[in-house]
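Open the model in your viewer and keep the selection tool at hand. Each stop below says what to select and what is there.

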Amino acid sequence: MTAQTCEVSWFSALCDDDYEFLGHPDPALASSWEHCRNIVLTAEKGGFDNILLPSGYQLGLDTTAFAAAIAVLTDRIRLLMAVRAGESWPPQLARQIATLDRITGGRMTVNIISSDLPGEMLASASRYARTLEVMQILRALLNGERLSHDGEHYQIDIDPPRITTVSGKCPPLYFGGLSEHAREAAAKGCDVYLMWPDTMPAVREIIADMRARAARQGRSLKFGYRVHVIVRETEREARAYASRLLSKLDAETGDAIRAKSLDSRSVGVQRQAELRAAAGGEGFVEDHLWTGVGRARSGCGAAIVGDPDQVLAKLRAYQAEGIEAFILSGYPHAAEADLFSRHVLPHLDHGALIL
């Protein structure tokens, strides 16, 4: 990849996160095989490089099963499969990833989520220590190495699975988190450090901090940015659509949606709340970064809003700070993928992220 090339990914709403009006469920947009399949196929047709397949225990479809099914219906787009680190035995997860990579012909990437087991709640330090162990175990086994691991959470002495990835190497591991424990786990274990929306000075600070942490480990990181997007032919139309998204949302419903998420108390989620509190009356915390999405979802809570030139300029500003991968989404996801693919994507020099 050249210095100006970026990976542009879309998002398939496997976890019941698709709306025409935020917070107002629509049966036609509920997570189903047919609906989420159509989002992926729309993204592949539109030219996106990768697609995030999210994971949530309580919500929507099983991610691994969906990835296996969609793999045989796609030809080019990579699959960024989210895996919840606390819910799988790592050697079996390695075997699943290798098998999926074979099915896709080498198109797998992996989004590591530092999760608890459902019903369990580890302290942050212990949970991120376990997540780091999972990344280390996956990397060794998927690189074809014999594993002798004696950690706090896993004691494993095992040969790698016979089934390897197409490349014989571990696929890129994408991972994010803002807490001290999350940042240290990322510096030691992942390939691509993911950020949620933030102001440009904060993005700059996080990248500088993570580069320094990785360097102390003798490593380097790529950087990704997860954000929603609303692009229309004019800025006025884009802002009007943003307002329409919230037109049926009441505060109580929004609070309930955010509280239902398994990550509702994380440092990253708290930061998204801070951005909403700092935003102006129309919800913009800086030029073209609108925090209204976060009123009806936990996690990634802001959108780039504007006309095609404005959205493109915002993405290029993030690139100038060091972002090399974007994971985008919009409501409804299939329709917004089509709009972005027509208005913005042709003007970006983009391709699959190469480590």
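A cavity is a set of grid points where a 1.4 Å probe fits but cannot get out, and its lining residues have an atom within 4 Å of a point. The model on your screen is predicted.

**Stop 1: the cavity**

The structure holds 1 cavity of 30 Å³ or more. The volume of the largest cavity is about 40 Å³. To see its walls, select His228, Val229, Ile230, Leu245, Val293, Ala303, Gly330, Tyr331 and Glu336. Colour strand S9, residues 222–231, as well: the largest share of the lining, 3 residues, comes from this strand. Sorted by class, the lining has 6 nonpolar, 2 polar and 1 charged residues.

**Stop 2: a cis peptide bond**

Stay with Tyr331, one of the residues that line the largest cavity. Now add Pro332 to the selection. The peptide bond from Tyr331 to Pro332 is cis, and its omega is near -10 degrees. Most peptide bonds are trans. Pro332 itself belongs to the loop between strand S13 (325–329) and helix H11 (333–343).

**Stop 3: helix H2 and a pocket**

Which residues of helix H2 are buried? Select residues 63–71 and pick out Thr63, Phe66, Ala67, Ile70 and Ala71; these are the buried ones. Turn the view to look down the axis of H2: the buried residues fall within an arc of 130 degrees, so they line one face of the helix. Next, show what this face packs against: helix H1 (33–46), strand S2 (50–53), strand S3 (78–84) and helix H3 (90–104).

Remain in this area for the second largest pocket, which has a volume of about 280 Å³. It is lined by 18 residues, and the closest to its centre are Ser55, Asp62, Thr63, Thr64 and Glu87. Thr63 therefore appears twice at this stop, as a buried residue of H2 and as one of the residues closest to the centre of the pocket. H2, S3 and H3 each supply at least two residues of the pocket lining. By class, the lining divides into 7 nonpolar, 8 polar and 3 charged residues.

**Stop 4: a hairpin**

Select strand S5, residues 147–150. Leu147 and His149 are on its covered face, while Ser148 and Asp150 are on the uncovered one. Add strand S6, residues 155–158: the two strands run antiparallel and 4 bridges join them. Leu147 has Ile158 as its bridge partner in S6. The hairpin that joins S5 to S6 passes through 4 residues.

**Stop 5: helix H5**

Select helix H5, residues 180–189, and mark its buried residues: Ala182, Arg183, Ala185, Ala186, Ala187 and Gly189. Then show some of what covers them, including helix H4 (124–142), strand S7 (173–176), strand S8 (192–195) and helix H6 (200–216).

**Stop 6: two residues with positive phi**

Most residues other than glycine have a negative phi. Asp16 has a positive value, near 55 degrees. Find Asp16 in the loop between strand S1 (7–11) and H1. Then go to His288, where phi is also positive, near 70 degrees. His288 sits in the loop between strand S10 (284–286) and strand S11 (289–290).

Are these residues buried or partly exposed? Asp16 is partly exposed, with a relative accessible area of 34%. His288 has a relative accessible area of 17%, and buried means under 20%, so His288 counts as buried.

Conventions. Residues numbered from 1 in each chain as written. Predicted model: local features only at pLDDT ≥ 70, side-chain atom pairs only at ≥ 80, totals over all residues. Heavy atoms only, no water. 1 Å grid on protein atoms, 1.4 Å probe; cavity = no way out; pocket = protein on both sides within 12 Å on 5 of 7 lines; lining within 4 Å. Points joined across faces, edges and corners; volume = space filled by probe spheres on them. Nonpolar A, V, L, I, M, F, W, Y, C, P; charged D, E, K, R; others polar. Buried < 20%, exposed > 50% of the residue type's maximum accessible area, 1.4 Å probe, protein only. Pairing = 2+ DSSP bridges. Arc of directions from axis to C-beta. Contact = heavy atoms within 4.5 Å.
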